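The following exercises concern one protein chain. Each task is followed by a solution that proceeds step by step.

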Amino acid sequence: MSITCPECQAPLEPQNGVAHCDSYNKDIALVARCPECHQPLQVLKACGAVDYFCQNGHGLISKKRVEFVRAEG
């Protein structure tokens, strides 16, 4: 799933829970979701590392597999 800017439709890369559009100098908030059940993931931060955990039985999820979607609102 790709993230695009709602203003200019440019493709954006998720980083630390946001995607930044250089054209509009705007940050778009993102939500990390499990690729299996599509429910929000718990974000675990420790020692500079960010991990994602599914509380619905899928355990730790690799950041390469996480689905990032635009936050509602």
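**Exercise 1.** Which strands each supply at least two residues of the lining of the largest pocket?

*Solution.* Some conventions come first. The model is predicted, so local features need pLDDT of at least 70 and side-chain atom pairs count only at pLDDT 80 or more, while totals for chains, interfaces and linings use all residues. Residues are numbered from 1 along each chain as its sequence is written, and side-chain values use heavy atoms, with hydrogens and water left out.

Step 1. A pocket is an open set of points on a 1 Å grid over the protein atoms alone, where a 1.4 Å probe fits and protein lies on both sides within 12 Å along at least five of seven lines; lining residues have an atom within 4 Å of a point.

Step 2. The lining consists of Pro14, Gln15, Asn16, Gly17, Val50, Tyr52, Lys63 and Phe68.

Step 3. Strands are DSSP runs of E with at least two residues, numbered from the N terminus. The strands sought are E3 (14–15) and E7 (49–54).

Step 4. The pocket holds about 170 Å³ of space, a volume being the space filled by probe spheres set on the grid points, which are joined across faces, edges and corners.

**Exercise 2.** Describe the strand content of the protein chain and the extent of its burial.

*Solution.* Step 1. The chain has nine strands and zero helices (a helix being a DSSP run of H or I with at least four residues).

Step 2. Buried means under 20% relative accessible area, exposed over 50%, and partly exposed in between, with a 1.4 Å probe and protein chains only. Of the 73 residues, 25% count as buried.

**Exercise 3.** Which residues touch the most other members of the largest nonpolar core?

*Solution.* Step 1. A nonpolar core is a set of buried Ala, Val, Leu, Ile, Met, Phe, Trp, Tyr and Cys residues joined through side-chain atoms within 4.5 Å.

Step 2. Among the 15 residues of the largest core, those touching the most other members are Leu12, Leu41, Tyr52, Ile61, Val66 and Phe68. Two or more residues of this core come from each of strand E4 (18–21), strand E5 (26–33) and E7; E5 gives the most, with three residues.

Step 3. Contact means heavy atoms within 4.5 Å. Not counting residues up to four places away in sequence, Leu41 touches Ala32, Arg33, Cys34, Tyr52, Phe53, Cys54, Ile61 and Val66.

**Exercise 4.** Why does cysteine 21 form no bond with the closest cysteine sulfur?

*Solution.* Step 1. A disulfide is a covalent bond between the sulfur atoms of two cysteines. The cut-off used here is a pair of cysteine sulfur atoms within 2.5 Å.

Step 2. The closest cysteine sulfur to that of cysteine 21 belongs to cysteine 5 and lies 3.6 Å away, which is too far for a bond. For cysteine 8, the closest is the sulfur of cysteine 21, at 3.8 Å, again too far for a bond.

Step 3. The structure holds zero disulfides. Cysteine 21 is buried, at 1% relative accessibility, whereas cysteine 8 is partly exposed, at 30%.

**Exercise 5.** Locate histidine 38 and cysteine 47, and describe their backbone.

*Solution.* Step 1. Histidine 38 sits in the loop between E5 and strand E6 (42–46), and cysteine 47 in the loop between E6 and E7.

Step 2. Although not a glycine, histidine 38 has a positive phi of about 60°. Cysteine 47, also not a glycine, has a positive phi of about 55°.

Step 3. Histidine 38 counts as partly exposed, at 41% relative accessibility; cysteine 47 counts as exposed, at 87%.
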